[in-house]
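Biologist: Could you take a close look at one part of this structure with me? I would like to understand the aromatic rings.

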Amino acid sequence: MATIDYYFFGASPFVYLGHKAIEEVAAKHGCGIAYKPVDIVALFANSGAKPLKERPLARQRYRLLELQRAADRRGLPINLAPRHFPVDATLADQVVIALLDEKQDPSAYMFEIFSAVWAREENISDPAVITRYLNACGFDGDAILSAAQDEGVAARRRQNTEEAIAADAVGLPAYVLNGEVFWGQDRIDDLDRALASGRAPFSAAMS
């Protein structure tokens, strides 16, 4: 069974917009998903990408168009200027690793956390907000939140970041299939096509 490495940062609007779509494609093809939260600052530092506020205004404005188009395509609500953004999603993301350690499926929790930023005006750096969503998804919120703060969990997030950098992920979300990276929720259709055809992965090797 093929596995898609799914690299994400919980406060990214494009992660939010692509989450259900990548899961639908994985289910369609019987693929597994390896959920891998990463440090977006370190990823950007490696790829040369700039934080939103440091980008030229033309790029900032174009991002708003892209968000509206993607939200319309996916049928999802989006607030283009949420009250709690930018926000530190480190703890919320490390919860995903803690859930995986407990052999739990983090997908529903992830979508609730992503939606909390982009559709509900909530602060996902607040442990109370994280715990509430964990409980709502049927988990022991206090126990999982405590486990998420372990240094071993933080180390795995750093390892995920190193893996994403090694895979040449230049932004998020990034989906890696058989070593081929697909950057952005707007590349999910390309990933779907690659799975449907069974083609060999394309290479970015430079001669």
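Is Tyr 6 buried or exposed?

Modeller: Happy to help! This is a predicted model, so local features need pLDDT of at least 70 and side-chain atom pairs count only at pLDDT 80 or more, while totals for chains, interfaces and linings use all residues. Residues are numbered from 1 along each chain as its sequence is written, and side-chain values use heavy atoms, with hydrogens and water left out.

Tyr 6 counts as buried because its relative accessibility is 0%; buried means under 20% relative accessible area, exposed over 50%, and partly exposed in between, using a 1.4 Å probe and protein chains only. Phe 8 is also at 0%, so Phe 8 counts as buried.

Now for the rings. Rings of Phe, Tyr and Trp (its six-membered ring) pair if their centres lie within 6.5 Å; planes under 30 degrees apart count as stacked, over 60 as edge-to-face and the rest as tilted. Searching the whole structure gives six aromatic pairs. One of them joins Tyr 6 and Phe 8, a tilted pair with 5.4 Å between centres and 55° between planes.

Phe 8 also pairs with Phe 114: the centres are 6.0 Å apart and the planes meet at 65°, so this pair is edge-to-face. It links distant parts of the chain, 106 residues apart, with Phe 8 in strand E1 (residues 3-8) and Phe 114 in helix H5 (residues 107-118). Helices (H or I, at least four residues) and strands (E, at least two) are DSSP runs, numbered from the N terminus. Like Phe 8, Phe 114 is buried.

Finally, Tyr 6, Phe 8 and Phe 114 belong to one aromatic cluster together with Tyr 35 and Tyr 175.
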